[in-house]
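Please consider the structure shown below. The paragraphs after it begin with a single ionic contact and widen from there to the chain as a whole.

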Amino acid sequence: MSMFNRIFGKPKEQANSNALATLDKLNETLDMLEKKEKVLEKKANAELERAKEFSKAKNKRAAIQSLKRKKLYEQQIEQLGNFQLRIHDQMIMLEAAKATTETVDALRTGAAAMKAMQKATNIDDVDKTMDEINEQTENMKQIQDALSAPLGAFADFDEDELEAELEELEGAELESQLLEPVAAPPVHPVHVPANKQPARPAPQKVTAEDDELAALQAEMAL
């Protein structure tokens, strides 16, 4: 027996088989009644046609006999219709009962499976497992703390003293930055296009008259 059958149990195959067999039998009977009803309808229509023919031939007695047979066929057709209705009702009730039984079996199977799982999972076992997990977690944390602790010469250093020294260094660095002179911003040469540069005065030519004037001025100064 498989684990599935041990937990959930075997389905009730006998009940399902009986229900299916009954539904098949009802379907066969319903088909038979429908075929018989069609045959009787044809016979009733045939008697109606004979009654019309006899009536045209002024054979009143034969026409009445045909109508009587037609009425008998119609009564049988009505009876077959009632039989079919009862079979339909029986099939609907049987299908509903089958669905109800399968639903109850499924719920019963689910309840049994849940009960089996609860038996397999004891609350004490759950608490024990959680305690073991917490213990292992705490042990791992202690191991990690031990591995991350400083070793050798680094274990003798005072963390507070190192932090104070670091703050002192940072303060000295900030003070030196404040005392540094502020550098003037660089002067960038302004590029002036060649066609916009100021024109320089052209050198004047020295003539002979200028030389004589300069000599006369020198003599007068003496």
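In this predicted model, Arg69 forms a salt bridge with Glu47, and their closest N and O atoms lie 3.0 Å apart. A salt bridge here is a side-chain nitrogen of Lys or Arg within 4 Å of a carboxyl oxygen of Asp or Glu. The pair links distant parts of the chain, with Arg69 in helix H3 and Glu47 in helix H2, 22 residues apart. Helices (H or I, at least four residues) and strands (E, at least two) are DSSP runs, numbered from the N terminus.

This is a predicted model, in which local features need pLDDT of at least 70 and side-chain atom pairs count only at pLDDT 80 or more, whereas totals for chains, interfaces and linings use all residues. Residues are numbered from 1 along each chain as its sequence is written, and side-chain values use heavy atoms, with hydrogens and water left out.

Glu47 has a further partner: Arg50 forms a salt bridge with Glu47, with the closest N and O atoms 2.9 Å apart. Because Arg50 and Glu47 are 3 residues apart in helix H2, about one helical turn separates them. Glu47, Arg50 and Arg69 are thus linked in a network of salt bridges. How buried or exposed are the members of this network? Glu47 counts as buried because its relative accessibility is 7%; buried means under 20% relative accessible area, exposed over 50%, and partly exposed in between (1.4 Å probe, protein chains only). Arg50, at 38%, counts as partly exposed, and so does Arg69, at 33%.

Glu47 is also one of the residues touched by Tyr73, together with Leu40, Lys43 and Ala44, when residues up to four places away in sequence are not counted. Contact means heavy atoms within 4.5 Å. Tyr73, Leu40 and Ala44 belong to the largest nonpolar core, which has 12 residues in all and also includes Leu23, Ile77 and Met91. A nonpolar core is a set of buried Ala, Val, Leu, Ile, Met, Phe, Trp, Tyr and Cys residues joined through side-chain atoms within 4.5 Å. Helix H2 (13-56) and helix H3 (60-120) each supply at least two residues of this core.

Lys36 is found in helix H2. The C-alpha atoms of Lys36 and Ile77 are separated by 8.4 Å, although their positions lie 41 residues apart along the chain. Lys36 counts as partly exposed because its relative accessibility is 45%.

Elsewhere in helix H3, Lys98 forms a salt bridge with Glu102, the closest N and O atoms being 2.6 Å apart. Lys98 and Glu102 are 4 residues apart, about one turn of the helix. Glu102, at 34% relative accessibility, counts as partly exposed. The count of salt bridges comes to 5.

The chain as a whole has 6 helices and 0 strands. Buried residues make up 11% of its 222 residues. Among contacts between residues at least 6 apart in sequence, 77% join residues at least 24 apart. The chain exposes about 19,800 Å², of which carbon and sulfur atoms supply 58%; accessible areas come from the Shrake-Rupley method with a 1.4 Å probe, and for residues only the protein chains shown count as cover.
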